[in-house]
Amino acid sequence: MAVHNHPQHHPRFRFPSFHRTATAQAATDTAAATTATRAYAFASLRLLTGFVFLWAFLDKTFGFGYATPSGKGWIDGGSPTKGFLSSVAAGPMESTFHDWAGAGWANWLFMLGLLGVGIALVSGVALRLAAVAGTAMMALMWIAEWPPAQHLSDGTLSMSSNPFADYHLIYAVVIIALAAAGAGVTWGLGKVWATLPIVRDHKWLK
């Protein structure tokens, strides 16, 4: 009589891999720390850029004695656009800017733009609108200074440090990046703003 020996299958116990668990946890922690750092960096950039716009509005309104001399503020009867636009001395819109200089509508649009973009960036709401308005403002100011020009209309050197990239361009790119990154959530009211019914129905208001 043949005897067949059948192999016995014993259950194998697998111990959890503490190394794999620790590695996965470390990767998760690193990703979370990177995300948090990025959020804080964008929030800091947003607040600082917003303060640039808000300060420009306040100084031009009240004449704090920095870019706008004391007693020459908007509330004192001064014009926020006259000095800058009337001094444009290069570019394809030189004469147009001279015509706009000191006009009431130009003053109001310029100041409301500074105030609106500044408040939006500092509070973290309506960043897409701020990106559109801020980029339009920076584009006009870039054209007014006209960095590509080597010489002004009177023949003197323009002293342009770069024929394309100047601080107006950088500000525009920064505002667009902040809007694209949704930078209003951290240290801002972006999350609350996004829950408003009108904002939920109209994504362009974010």
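**Group meeting talk: a walk through an all-helix model**

Let me begin with threonine 49, which counts as buried because its relative accessibility is 4%, and which is found in helix H1. Leaving aside residues up to four places away in sequence, threonine 49 touches Leu121, Tyr171, Val174 and Ile175. I should say at once, for anyone new to this structure, that what we are looking at is a predicted model, and I will try to speak about it with that in mind.

Let me step back to the whole chain for a moment. The chain has eight helices and zero strands, so that, in the sense in which helices and strands are defined here, the pattern read along the sequence is α-α-α-α-α-α-α-α. Of the 206 residues in the chain, buried residues make up 29%. If we take the contacts between residues at least 6 apart in sequence, 61% of them join residues at least 24 apart.

One of the partners of threonine 49 deserves its own introduction, and that is leucine 121. Leucine 121 lies in helix H4, and it is buried, with a relative accessible area of 1%. Apart from residues up to four places away in sequence, leucine 121 touches Arg46, Thr49, Gly50, Phe53, Leu127, Ile175 and Leu178. Leucine 121 can also be placed against alanine 183, which is 62 residues away in sequence, while the two C-alpha atoms are 9.0 Å apart in space.

That list brings us to arginine 46, which, like threonine 49, we can look for in H1, the helix that covers residues 18-62. What is the nearest side chain of opposite charge to arginine 46, and how far away is it? It is aspartate 166, at 22 Å, and arginine 46 is buried yet has no salt bridge. The cut-off for a salt bridge is 4 Å, which means that a partner 22 Å away does not qualify. The side chain of arginine 46 does, however, have a polar atom 2.7 Å from the backbone oxygen of tryptophan 187. Among the residues that arginine 46 touches, not counting those up to four places away in sequence, are Leu121, Val122, Ser123 and Gly124, as well as Leu178, Ala183, Gly184, Thr186, Trp187 and Gly188.

Let me turn now to the largest pocket, which has a volume of about 770 Å³. Its lining is made of 32 residues, and those that lie nearest its centre are Lys60, Pro80, Phe84, Phe110 and Met141. Which helices supply at least two residues each to this lining? They are H1, H2 (82-86), H3 (94-100), H4 (104-123), H5 (127-145) and H6 (167-180). Of these, H5 gives the most, with eight residues.

Staying with H5, alanine 136 lies in that helix, and at 40% relative accessibility it counts as partly exposed. Alanine 136 and glycine 113 are 23 residues apart in sequence, and their C-alpha atoms are 9.5 Å apart in space.

I would like to finish with the loops. Proline 69 lies in the loop between H1 and H2, where its relative accessibility of 46% makes it count as partly exposed. The C-alpha atom of proline 69 is separated by 8.7 Å from that of aspartate 59, a residue ten places away along the chain.

Two other loop residues are worth a careful look for their backbone angles. As a rule, most residues other than glycine have a negative phi. Alanine 126, which is not a glycine, nevertheless has a positive phi of about 50 degrees, and methionine 159, also not a glycine, has a positive phi of about 65 degrees. Alanine 126 has its place in the loop between H4 and H5, whereas methionine 159 has its place in the loop between H5 and H6. Are these two residues buried or exposed? Alanine 126 is buried, with a relative accessible area of 13%, while methionine 159, at 67% relative accessibility, counts as exposed.

Definitions and conventions:
Residues numbered from 1 in each chain as written. Predicted model: local features only at pLDDT ≥ 70, side-chain atom pairs only at ≥ 80, totals over all residues. Heavy atoms only, no water. Helix = DSSP H or I, 4+ residues; strand = E, 2+ residues; numbered from the N terminus. Buried < 20%, exposed > 50% of the residue type's maximum accessible area, 1.4 Å probe, protein only. Lys, Arg positive; Asp, Glu negative; His and termini not counted. Polar contact = N/O pair within 3.5 Å; in protein donor to acceptor, adjacent residues only side chain to side chain. Contact = heavy atoms within 4.5 Å. 1 Å grid on protein atoms, 1.4 Å probe; cavity = no way out; pocket = protein on both sides within 12 Å on 5 of 7 lines; lining within 4 Å. Points joined across faces, edges and corners; volume = space filled by probe spheres on them.
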